[in-house]
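Trainee: Could you take me slowly through one part of this model? I'd like a close look at the largest cavity and the helices around it.

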Amino acid sequence: MYDGSSRPPLFTSPRRRLALRVTAAAVALSAALLTAGCGSSQDTAQDAKATASSAGGFPVTIDNCGVKTTYDKPPSRVVTIHQHPAELMLALGLKDRMVGTAFPDSAVLPELKKDFESIPELAKREPSFETVLDAEPDLVYGGYGSAFAENEGRSRKAFADAGIDTHLNREYCGKKRVTMKDTYEEIRAVGRIFGVSDRADKLVSELQARVDKPATAVKGEPAVPVFVYDSGDKSAFTAGGKSLGTEVIRLAGGENVFADLDDVFGDVSWEQVVERKPEVIAIYDYAGAGSVEQKKKFLLSQPALEDVPAIKNKRFVVLPLTATLVGVRSAYAVEDLARGIHPKSFA
């Protein structure tokens with residue numbers, strides 16, 4: 001999973017790729033602790049306190065990654081850094097609150113494309129602190145921990161000192177394991193911030209139904225071993241047991257062959273891949289890590305992998321990076337992956 005701090009090429013060293021992902025999460029946690037001290041790692045229902053006598057249910061207090069923010073009214077000028085927060089807001093019908101986006105990862109959902117393109121893009125990567133300030137936001141919503149990188153002057157404290165609220169996707173709150181529940185709770189938290197809890201509940205119900213349909217279609221089928229290929233040549237950077245990808249695979253009727261890897265992501269040897277005999281390879285697609293075709297070509301060209309069932313049968317499923325993150329796309333990924341794992345269930 002890419003953390004937004006740097007886009008690793010196909011052949012980036014394993015240690016460097018892992019460091020990039022760990023650093024972004026650590027930076028985000030450090031900034032949060034500087035602002036608010038130790039706090040909850042999740043936005044729970046108890047974290048949002050609405051005053052019944054206030055118009056529209058405000059003020060609302062959200063504890064997000066240890067940073068408590070009280071919203072007296074819904075934010076009206078929002079900058080999103082990274083694509084999945086932008087898509088989440090658009091899915092909640094909040095385009096009119098958005099004054100800037102930054103750092104797109106992959107193709108936007110077709111139904112959101114027109115709205116996404118109508119919002120100014122502030123930068124191809126994370127924008128500078130000054131660039132964000134120029135957009136005059138009252139809230140900055142970050143997707144990866146690197147959105148609030150202290151070493152680049154974009155810490156949450158720096159924004160707070162400038163009178164700007166911040167919200168970080170819960171995936172980077174330091175929680176040990178990420179699940180679909182985190183997706184639904186992130187949506188509900190954003191719904192509370194903007195006073196659109198009814199829309200959030202409706203969206204969650206729609207996404208749950210989207211997940212339930214393929215999960216029901218493959219129920220009873222034997223779990224197919226799946227290997228996630230993010231990047232790497234000397235070793236493979238793959239999804240571990242604590243990643244959202246592992247749950248997506250399970251819901252789609254598969255089993256992550258590296259579910260025993262006690263991390264969100266990590267490096268494994270090609271010998272381990274061969275030993276675990278995956279029947280399907282899920283390729284994570286994002287700019288800067290080599291194209292899907294380059295990744296397929298690399299995998300198919302490795303003599304050591306020629307007897308791996310997924311390689312012999314050329315069974316690949318491509319998932320956009322944004323489909324593996326806490327946001328609206330993960331529900332779509334379940335169906336895409338299920339169709340690739342159990343095609344006969346959808347015939």
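Mentor: Here is a walk through that cavity, its lining and two helix pairs.

First, some ground rules. This is a predicted model, where local features need pLDDT of at least 70 and side-chain atom pairs count only at pLDDT 80 or more, while totals for chains, interfaces and linings use all residues. Residues are numbered from 1 along each chain as its sequence is written, and side-chain values use heavy atoms, with hydrogens and water left out.

Now the cavity. On a 1 Å grid over the protein atoms alone, a cavity is a set of points where a 1.4 Å probe fits but cannot get out. Points join across faces, edges and corners, and the volume is the space filled by probe spheres set on them. Counted that way, there are two cavities of 30 Å³ or more, and the largest has about 40 Å³ of space.

Who lines it? The lining (residues with an atom within 4 Å of a point) is Val228, Gly245, Val248, Ile249, Ala282, Tyr284, Leu319, Ala323, Thr324, Ala333 and Leu337. Two or more of these come from each of helix 8 (244–251), strand 12 (280–285) and helix 12 (329–341). Helices (H or I, at least four residues) and strands (E, at least two) are DSSP runs numbered from the N terminus. Helix 8 gives the most, three residues. By class, the lining has nine nonpolar, two polar and no charged residues. Here Ala, Val, Leu, Ile, Met, Phe, Trp, Tyr, Cys and Pro count as nonpolar, Asp, Glu, Lys and Arg as charged, and the others, Gly among them, as polar.

Next, look at how helix 8 and helix 12 meet. They pack at about 45°, with axes 8 Å apart; axes are lines fitted to C-alpha atoms over the stretch in contact, and angles run from 0 to 180 degrees between N-to-C directions. The two helices are therefore oblique to each other (under 35 degrees is roughly parallel, over 145 roughly antiparallel, 65 to 115 roughly perpendicular, and the rest oblique). Touching here (heavy atoms within 4.5 Å) are Leu244, Val248, Ile249 and Leu251 of helix 8 with Ser330, Ala333, Val334 and Leu337 of helix 12. That contact has seven nonpolar, one polar and no charged residues.

For another pair, try helix 6 (residues 180–193) and helix 7 (residues 197–217), which pack at about 160° with axes 7 Å apart. So helix 6 and helix 7 are roughly antiparallel. Their contact has eight nonpolar, three polar and three charged residues.

Methods: 1 Å grid on protein atoms, 1.4 Å probe; cavity = no way out; pocket = protein on both sides within 12 Å on 5 of 7 lines; lining within 4 Å.
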